[in-house]
Amino acid sequence: MIEIDWKPDKKSKEPIYRQIVKYISDKIAAGDWIIGSRLPSQRDMAKAFGVNRSTVVTAMEELISYGILESDFGGGTRVKSNTWSLLMSQPPDWNKYIQSGPFRANLPAIQAINRLEYEPGFIRIGTGELAPELYPHKLMAKIFRRMPEVIPHLGYLGNLGLPELGKVLSQRLAADEGIKADPSNILVTSGSLQGLQLISVCMLKRGSSVYTEAPTYLKSLQIFQSAGMNLRGVPLDEEGIKYWEIKDASINSLLYTIPTHHNPTGTVMSEERRKELLQFSQNRRLPVLEDDAYGKLWFEKRPPKAIKASDTTGSVIYMGTVSKTMAPGLRIGWVVGPEAVVQRLGDVKMQTDYGASSVSQWMMTELLSSGDYDIYLEELRRELKDRRDNALAALDKYFKGMAEWNKPAGGFYIWLRFNRKIPIDKVFSDALKAGVLLNPGNMYDYSENHAIRISYAYAKPQELNRALGILANIVEKYYQR
Ligand code: PMP
């Protein structure tokens with residue numbers, strides 16, 4: 001007969017029944033309690049362990065479910081097996097779990113890029129981020145020094161974010177973009193990605209359509225698809241999206257556009273097209289989601305005003321971010337739209353993260369209130385323009401006759417289209433072997449293309465040139481086949 005001279009530790013964080021499960025299985029594994037031996041009655045065990053009977057029952061049930069114990073006819077319990085130790089030490093079937101959530105995995109190419117971007121040694125010719133050397137250390141140091149006096153507390157903030165930031169954004173949107181928006185029309189988000197995420201879960205039904213330029217940045221993400229929406233590509237020409245090709249816009253659909261310095265093609269939608277698109281959207285009651293991540297980064301001349309600036313009927317939701325002009329690590333963006341929309345998004349935002357970083361919001365308030373930001377932007381535009389010119393010269397040198405590309409009027413991107421079909425996947429891996437990390441065009445598109453997104457914002461100009469030379473050699477090999 002088995003004797004029990006042990007008690008669970010009631011002060012331990014481990015649940016008492018788990019301690020009992022472990023005690024019994026250890027005893028069996030050690031050979032102290034052999035197969036076939038009978039355990040004391042549940043009442044006696046409860047007494048011996050100094051616990052409630054229900055705790056013993058829970059432990060017994062678990063041990064029986066593992067096949068370690070079995071009930072016998074007399075209502076007692078016996079040791080059944082000691083070969084389970086392997087089984088018990090197995091973790092849950094995490095694979096099943098991680099495939100069960102509704103959010104889709106990233107595209108494999110993006111997963112690879114996300115991993116490789118943090119490995120040293122690659123020249124990154126597609127990265128959509130400002131180079132570390134463009135980070136304005138002095139300006140940021142000045143702003144950060146002021147923070148101890150500026151920040152009164154770091155508590156949770158209201159639905160729409162830091163009111164002071166809402167106010168400056170409202171002033172800036174009016175003065176810089178001609179967009180009339182009260183602070184009650186502005187939601188501060190953790191980057192504009194969060195704006196997209198909130199819209200995808202708050203405003204659209206499963207099965208609804210989201211029209212976008214083809215290609216588009218949005219296609220490289222799984223945000224809307226994960227929420228059950230269909231992305232639909234609409235071709236674009238040099239003036240922007242050919243909205244008239246949308247024939248079947250159903251109720252509850254949406255049009256997402258990046259009108260200025262489009263990602264990935266660099267296109268700027270003409271003023272005329274913006275007006276027509278707004279008219280089209282108003283006629284069809286098709287809301288427009290205008291993503292203006294790159295609007296401030298123009299080189300020779302200012303782009304036409306945002307579509308939102310002419311929106312008198314509340315048809316446009318506008319999104320801005322500091323990720324491309326300043327630093328993505330601040331995670332600050334904003335959504336501007338009708339009050340009811342912004343309130344709804346803010347309500348869901350409160351349930352998911354309770355607000356964007358207050359430190360970043362205070363910092364941006366301070367920065368946007370000072371003229372320093374405008375001076376910095378002017379310098380940044382000049383620097384980016386030089387980098388663009390350098391990239392264009394390198395493309396001329398290495399890709400003339402092999403590919404076509406745009407001359408971007410701002411933003412980060414050149415859309416390099418090869419004249420012939422080439423196996424982009426192979427080019428990607430050949431380039432990796434040669435120390436060049438690139439963004440294949442396919443991930444932004446609805447059908448196969450033979451393009452690459454080049455960004456002149458990240459790699460140092462000299463290195464970008466070198467990488468483009470390497471890339472041209474690789475592509476040439478496939479041209480000769
Ligand atoms: N929109 C566009 C067009 C972008 O290119 C990016 C970043 N690549 C984002 C939104 C997301 O930016 P963030 O969330 O950092 O504001």
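Which residues does Ser170 touch, not counting residues up to four places away in sequence? That was my starting point today, and I kept in mind that this is a predicted model.

**Entry 1: Ser170**

I looked up the contacts and found Ala181, Asp182, Pro183 and Ile186 on the list for Ser170, with residues up to four places away in sequence left out. Next I checked where Ser170 belongs: its place is in helix α8, which covers residues 163–177. Then I asked myself whether Ser170 counts as buried or exposed. Its relative accessibility is 13%, and buried means under 20%, so Ser170 counts as buried.

**Entry 2: around the ligand**

I moved on to the ligand and looked for its surroundings. There are 14 residues around the ligand, and Ser192, Asp291, Tyr294, Thr321 and Ser323 come nearest. I also wanted to know which element gives the largest share of this shell. Helix α9, residues 191–202, does so with 3 residues.

**Entry 3: polar atoms and cover**

I went through some N and O distances one by one. For Leu193, I noted a backbone N or O atom 2.9 Å from an oxygen atom of the ligand. For Asn263, an N or O atom in the side chain is 2.9 Å from an oxygen atom of the ligand. For Lys324, an N or O atom in the side chain lies 2.8 Å from a nitrogen atom of the ligand. How much of the ligand does the protein bury? Taken alone, the ligand exposes 400 Å², and the protein buries 92% of that. Last, I checked where the ligand sits, and my note reads: in the largest pocket.

Conventions: Residues are numbered from 1 along each chain as its sequence is written. This is a predicted model: local features need pLDDT of at least 70, side-chain atom pairs count only at pLDDT 80 or more; totals for chains, interfaces and linings use all residues. Side-chain values use heavy atoms; hydrogens and water are left out. Helices (H or I, at least four residues) and strands (E, at least two) are DSSP runs, numbered from the N terminus. Buried means under 20% relative accessible area, exposed over 50%, partly exposed in between (1.4 Å probe, protein chains only). Contact means heavy atoms within 4.5 Å. A residue is near a molecule or strand if one of its heavy atoms lies within 4 Å of it. A polar contact is a pair of N or O atoms within 3.5 Å; within protein, one must be able to donate a hydrogen and the other to accept it, and residues adjacent in sequence count only if both atoms are side-chain atoms. Accessible areas come from the Shrake-Rupley method with a 1.4 Å probe; for residues, only the protein chains shown count as cover. On a 1 Å grid over the protein atoms alone, a cavity is a set of points where a 1.4 Å probe fits but cannot get out, and a pocket is an open set with protein on both sides within 12 Å along at least five of seven lines; lining residues have an atom within 4 Å of a point. A molecule sits in a cavity or pocket if more than half of its atoms lie within 2 Å of its grid points.
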